[in-house]
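Ready to get your hands on a protein model? Grab a pencil, open the viewer and work through the exercises below one step at a time.

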Amino acid sequence: MAMIKVQKGTKDILPTDMPVWHFMEEKASEIFTKYGAKEIRTPIFEATELFARGVGDTTDIVNKEMYTFEKSERSLTLRPENTAGVVRAFIENGMHRLPAPVKLWYKGPMFRYERPQAGRQRQFHQVGVEVFGIKQPTADAEVILMAVNYLKALGLNDLSVEINSLGCPDCREVFKTNLKSVLKPYLQDLCPDCQARYEKNPLRLLDCKVPECKEIYSKPEIKAVIQSDFICKDCAEHFNELKAYLDNLGIKYSINKLLVRGLDYYNRTVFEITSNNLGSQNAVCGGGRYDSLVKNLGGEDVPAIGFAMGMERLASLIEQKEENKTTTFIVCNNMTEAVKLTEELRGNGVTAEFDLTNKKFVKQLEKASKVAKYALILGEDEIAQNCVTVKNLETSEQKTVKRSQITTIF
Ligand code: ATP
Ligand code: MG
């Protein structure tokens, strides 16, 4: 029969990969908890409308990349990202009543129907943070600091932090108008995606990866508009304060005026962290401020800022880690005694296994040396004398201890 294979763009995370994944997850919990963030887990599918409204119906994610299906006449979608779900949960559970800021972190699988390639999967994982309730740039600085310190804790270096300010809806309107007017003569030469963006979401034009479009956007008269300081006084002040905080914290960054990010609802601060050790899919973290989203999804007027990181991309940058061996393997032909000792060790927090098939002693020892650090030999003599022979499988050192003391030596 034909073998059924893993789906294109999806991957098994195997036991040998697990030490790196556990490391990423444990560090996330450790670092984000230090900043006062609490973990949240939202469902993997949500109403399709949540993403249409929460991510934005002019984005690639909503237009092309969603896994949408119907059940009982409801349109449901596998989450392509977790900000919308976290915001929904924030609103639904009245979290705006909690003392601000409310800091939440999450980890889990996301689904996007994309062209699979290195660093780009259809099911992938993100770890992320959302901070609600603070409009001041201190929150922006703290969120960037959380991201940077998490990446540091993972031992990653050679990272670049890029920031930009998209302004507010008011000042952005002026920018959009200027951009559209300077681009008008080139409209026919833009890729079909950009032609659609020109009408619906001109800011996203800057994000285009098509070389012909990029070339147009680097023409002097267009570049001048892109590089112009279009943001209003309040937005500029917010951005300047953020930069001052980052300088004080010693976080190196550069300003990238082409950084617009995928979501429709970002305002003011956006940022991205890239690794110089990855190929073309080099962004490990993307984030930004989304002050209007909570209200747009039916909540109170609560400002917010957050980021998401791609865990597969992080994993590929983290050195492979050794799988943990089982601590003890019981070598014994008396199954009753073997089970008793194994359970006693497990009950005392020691990992323990024994040979379920009751093979010959030598075979059991062979297996022990493959999977465990210690062989606990329980032969007829040991059983008769109420003791256990402990063999260190790395050094081959051997000693006999009293049966009653065995759980105390690991
Ligand atoms: P990109 O420009 O790489 O498509 P994006 O803007 O779509 O990124 P975000 O939605 O901001 O990405 O997601 C944050 C992070 O999640 C990215 O920086 C990346 O590390 C990771 N990520 C996004 N899409 C994928 C994917 N299809 N496969 C693996 N990781 C992904
Ligand atoms: Mg994308």
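**Exercise 1.** Look at helix H4 and decide: is H4 mostly covered or not, and which of its residues are buried?

*Solution.* Step 1: count. Seven of the 10 residues in H4 are buried, so on the cut-offs (buried is under 20% relative accessible area, exposed over 50%, partly exposed in between, with a 1.4 Å probe and protein chains only) the helix is mostly covered. Helices here are DSSP runs of H or I with at least four residues, strands are runs of E with at least two, and both are numbered from the N terminus.

Before you go on, a note on the model: it is predicted, so local features need pLDDT of at least 70 and side-chain atom pairs count only at pLDDT 80 or more, while totals for chains, interfaces and linings use all residues. Residues are numbered from 1 along each chain as its sequence is written, chains are lettered from A and ligands numbered from 1 in the order in which they are written, and side-chain values use heavy atoms, leaving out hydrogens and water.

Step 2: name them. The buried residues of H4 are Thr83, Ala84, Gly85, Val86, Val87, Ala89 and Phe90.

Step 3: find their partners. They pack against strand E2 (45-47), helix H2 (48-54), strand E5 (102-111), E6 and helix H11 (293-296).

**Exercise 2.** Which residue lies in the loop between strand E4 (74-78) and H4, and what does it touch?

*Solution.* Step 1: go to that loop, and you'll meet Asn82. Step 2: check its cover. Asn82 counts as buried because its relative accessibility is 2%. Step 3: list contacts (heavy atoms within 4.5 Å). Skipping neighbours within four places in sequence, Asn82 is in contact with Thr42, Tyr106, Met110 and Gln126.

**Exercise 3.** Which residues touch the most other members of the largest nonpolar core?

*Solution.* Step 1: know the rule. A nonpolar core is a set of buried Ala, Val, Leu, Ile, Met, Phe, Trp, Tyr and Cys residues joined through side-chain atoms within 4.5 Å. In soluble globular proteins, nonpolar side chains tend to be buried together.

Step 2: pick the hubs. The largest core has 53 residues, and Phe132 and Tyr217 touch the most other members. Helix H4 (residues 83-92) supplies the largest share of this core, five residues.

Step 3: zoom in on Phe132. Not counting residues up to four places away in sequence, its contacts include Val86, Val87 and Phe90, and also Tyr290, Val294 and Val302. Apart from this core lies another one of 44 residues, including Ile134, Leu151, Met311 and Ala315.

**Exercise 4.** What surrounds ligand 1, and which residues come nearest?

*Solution.* Step 1: there are 14 residues around ligand 1 (a heavy atom within 4 Å). Arg112, Glu114, Gln121, Arg261 and Ala283 come nearest.

Step 2: look at N and O atoms within 3.5 Å of the ligand. A polar side-chain atom of Arg261 sits 2.6 Å from a ligand oxygen. A polar backbone atom of Gly310 is 3.3 Å from an oxygen atom of ligand 1, and an N or O atom in the side chain of Arg313 is 3.4 Å from an oxygen atom of the ligand.

Step 3: check the cover. On its own, ligand 1 exposes 580 Å² (Shrake-Rupley method, 1.4 Å probe), and the protein buries 88% of that.

Step 4: trace the shell. Strand E6 (123-132), strand E10 (283-289) and strand E11 (304-310) each give two or more residues, and E10 gives the most, with three.

**Exercise 5.** Which residues have a positive phi although they are not glycine, and where is the cis peptide bond?

*Solution.* Step 1: recall the background. Most residues other than glycine have a negative phi, and most peptide bonds are trans.

Step 2: take Ser72, with a positive phi of about 45°. Ser72 lies in the loop between strand E3 (67-71) and E4, and is exposed, with a relative accessible area of 70%.

Step 3: take Arg268, with a positive phi of about 50°. Arg268 lies in strand E9 (residues 267-275) and is buried, with a relative accessible area of 18%.

Step 4: find the cis bond. It joins Ala100 and Pro101, with omega about 0°; Pro101 is in the loop between H4 and E5.

Notes. Polar contact = N/O pair within 3.5 Å; in protein donor to acceptor, adjacent residues only side chain to side chain.
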